Amino acid sequence: MSAAPLPPDEAERLALLHALALLDSPPEPALDRITRLAARLLNVPIALVSLIDRDRQWFKSRVGLDATETPRDQAFCAHAILQTAPLVVGDATQDPRFLDNPLVTDAPGIRFYAGVPIRTSGGVALGTLCAIDDKPRRPGPDDIQALQDLADLVSKEVQLRETLALARDQLDRSQAVLLASEARYRSMFELAAVGIALVAPDGGWISANGALCQMLGRSADAVRQATLRALTHPDDVAQEEPLLEALQRREADHYQLEKRYLRPDGEPVWVQQNVTQKFNAAGQLEYYVVIVKDIGARKCAEAALAAAMQDLEVRVAQRTQELQRANAQLQAAVEQQTLSARDLRRREAELAAVLEHANDAYVGMDEDGRVTAWNLQASAIFGWSAAQAIGQPLSQLIVPPALREAHLAGLQRYLRTGRSKMMDQRLELPAVRQDGSELTLELRIRALEVDGQHLFSAFMHDISERKREEERRLREARIDPLTGLFNRRALEEMLPQALARADREDKPLALLFIDLDGFKAVNDTLGHDAGDVVLREVATRLRAQVRQSDSVVRLAGDEFTVVLEQLNGGLAAARQVAQKLLAQLERPVLVSGALAQVGASVGVAMYLPGSGESPQGLVKTADAWMYQAKRAGKGRILPDG
């Protein structure tokens, strides 16, 4: 499992997260509506608003998951907050970062994950809005855009909390502090992402910031010339007046509601409005502080969810009607039991014929592990006839000897607990034929319980040729086509493994970096075809002078590396091998009747077990020594012993 690294702004991020008091706080309906909508729109069983704390991820809102938090080092969301684009994992079992993650290998069995960072007004990522499924998926651009839009709504909720915290902190300061920080307060007031206004006790607007004016589609002067009531949608005036009166009677210190304002063209604007009072030193009401957030996008989302729920209700009603019709059909079927039984036997015969002649091997097995069904394709793939196979333990027919004990243990565990990681999964497993030859199967197995007995059915497809082709393509991707040596990609894969072996076996390792001397002159005088002949001959000579356990790599052009493992004798032994290689490379190469002469400069880097040197660092060291050898006169080996 690969835990996510810490973001560069981790200290600031944690300070903001704790300052906003989001962690371990009660559920909020606005966020719960968003997670429900995310689960609905993306058709996933789990949707979360996840906040990344120092050592955990805590779920501010969750759908489809009982847990309230998990360790941070297991959190997919800890990876998502490190990037600006959404993190999409189509199949976690194929992703090296997550394939052995407990959230993948155990409950909830994550396969698909898509997460979008939730950011503060300063762009700091506090967590994510994420969608999770226990099946692999390939989401379309519309799905990811929908998740992005919903994450923006969550970010706006966080940013509103930020603004409210700043506004409340500012209002709690004394008059002297307010006067001293007027410029800063005015900047916050004007640049806030939400609407902020001061309203007189009689309902007249004292001031309104740019965000509110833009929201209302009016200039600051036009807003000040109106009243709170005049700009409110007529249908929403009645619900606000009792709340305002309660404030005036000091029965409450603030109120919050969702309402509509009207733009000049009559278009309504849905907002969430928070109103608090500001008193002077004498205890008299000076003005109301009004915080306004545009929730039009959320209202659209809620309308979409309501439409989806209505559609679901219609489909439930339709399904109920279908079930009623099915019940009537079932009653008719009971009346024709004899006819149905005959039809069932006919269908069983048809199914048996289909299974017998299916393109995939079909094998049935009882709970003792013995074969009960074996079709023609099974005979063709495995070599056993149906007469030979039926009644025999499946483990003795197709399971490789090394896996038979595990196969039988898994069968007994399923019979005992009813749980198995193999059921209803598409798996790739090794198998053997009657003649002992090996193959690779694509397998899907299901279990049925009939009259208290467990029966198993499996469809198998021989994918050996496909796997061989995949291995061939992988092998070709690691081989230099001109020389047949390993290429740079192969070196990047094999060198970390070689260093790990050196640590494990406590044996030093050497890396020789070889650059040909005089190769450009061969190309210039004899042509590039001649240069290719020289490179192939160089590869042949290098391979001939090293052990089978050593590796020869062509990096690019006329650069080669040799990895010498289990090297007794340290640098002196490495230089001795390099000297042999130089002697071979200095021998002329016959090319189209002409002799091509090249040499080489060699840089040596030693790896001592337990030193912690990185593969990149080892290559860089050998490369640096090679260049020093070049500058020292070529045909040299550095460092000196």
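Me: What is the strand order in the open sheet of 5 strands?
Reply: This is a predicted model. In it, 5 strands make up an open sheet, and their pairing is antiparallel. From one strand to the next, the twist averages 30°. The order reads β8-β7-β11-β10-β9.

Me: Which strands stand at the edges of that sheet?
Reply: An edge strand has a single partner strand, so one of its sides is left without a neighbour in the sheet. That applies to the two strands covering 205-208 and 254-262. They are β8 and β9.

Me: Which residue in β8 is the bridge partner of A197?
Reply: Strand β7 spans residues 195-199 and runs antiparallel to β8. The two are joined by 3 bridges. For A197, the bridge partner in β8 is A208.

Me: Which helix packs on the sheet, touching β9, β10 and β11?
Reply: The helix covers residues 234-248. Its contacts include β10 (268-279) and β11 (285-294). Its direction makes about 155° with that of β9. The helix is α11.

Me: At what angle do the axes of α19 and α23 cross?
Reply: Two packed helices are described by the angle and the distance between their axes. Here α19 is residues 488-505 and α23 is residues 615-631. Their axes come within 9 Å. The crossing angle is roughly 105°.

Me: How is α19 oriented relative to α23?
Reply: The axes cross at roughly 105°. Angles of 65 to 115 degrees count as roughly perpendicular. That makes α19, relative to α23, roughly perpendicular.

Me: How many nonpolar residues does the contact of α19 with α23 have?
Reply: From α19 come L491, L495, P496 and L499. They meet P615, L618 and V619 in α23. By class, this contact has no polar and no charged residues. The nonpolar count is 7.

Me: Which residue in the turn between β18 and β19 has a positive phi?
Reply: Strands β18 (551-556) and β19 (559-564) pair in the antiparallel sense over 5 bridges. A556 stands opposite E559. The two strands form a hairpin with 2 residues between them. The phi in question is about 55°, and the residue is G557.

Me: How many of the 6 residues of β18 are buried?
Reply: Buried means under 20% relative accessible area. Strand β18 is largely enclosed by the rest of the structure. Its buried residues number 5 of the 6.

Me: Which residues of β19 point the other way from E559, T561 and V563?
Reply: 6 of the 6 residues of β19 are buried, so the strand is largely enclosed by the rest of the structure. E559, T561 and V563 point one way. Pointing the other way, and also buried, are F560, V562 and L564.

Me: Which residue in β19 is the bridge partner of A510?
Reply: Strand β17 (residues 509-517) runs antiparallel to β19. They are joined by 6 bridges. In β19, A510 has as its bridge partner L564.

Me: How many residues apart in sequence are the parts tied together by E302 and R33?
Reply: E302 forms a salt bridge with R33, with the closest N and O atoms 2.4 Å apart. E302 lies in helix α12 (residues 296-335) and R33 in helix α2 (residues 29-42). The separation in sequence is 269 residues.

Me: Which residues are linked with R33 and E302 in a network of salt bridges?
Reply: R33 counts as partly exposed, at 24% relative accessibility. Both R33 and E302 belong to the network. The others linked in it are E157, E258, K293, R298 and K299.

Me: In which helix do R319 and E322 both lie?
Reply: R319 forms a salt bridge with E322, the closest N and O atoms being 3.2 Å apart. R319 is partly exposed at 47% relative accessibility. E322 is partly exposed at 35%. They sit 3 residues apart, about one turn of the helix, in α12.

Me: Is E428 buried, partly exposed or exposed?
Reply: E428 meets K467 in a salt bridge (2.9 Å, N to O). E428 lies in strand β14 and K467 in helix α18, so the pair ties together parts 39 residues apart in sequence. K467 has a relative accessible area of 22%. E428 has 40%, so it is partly exposed.

How values were computed:
Residues numbered from 1 in each chain as written. Predicted model: local features only at pLDDT ≥ 70, side-chain atom pairs only at ≥ 80, totals over all residues. Heavy atoms only, no water. Axes fitted to C-alpha atoms, helices over the stretch in contact; angles between N-to-C directions. Helix = DSSP H or I, 4+ residues; strand = E, 2+ residues; numbered from the N terminus. Parallel < 35°, antiparallel > 145°, perpendicular 65-115°, else oblique. Contact = heavy atoms within 4.5 Å. Nonpolar A, V, L, I, M, F, W, Y, C, P; charged D, E, K, R; others polar. Pairing = 2+ DSSP bridges. Buried < 20%, exposed > 50% of the residue type's maximum accessible area, 1.4 Å probe, protein only. Salt bridge = Lys/Arg side-chain N within 4 Å of Asp/Glu carboxyl O.
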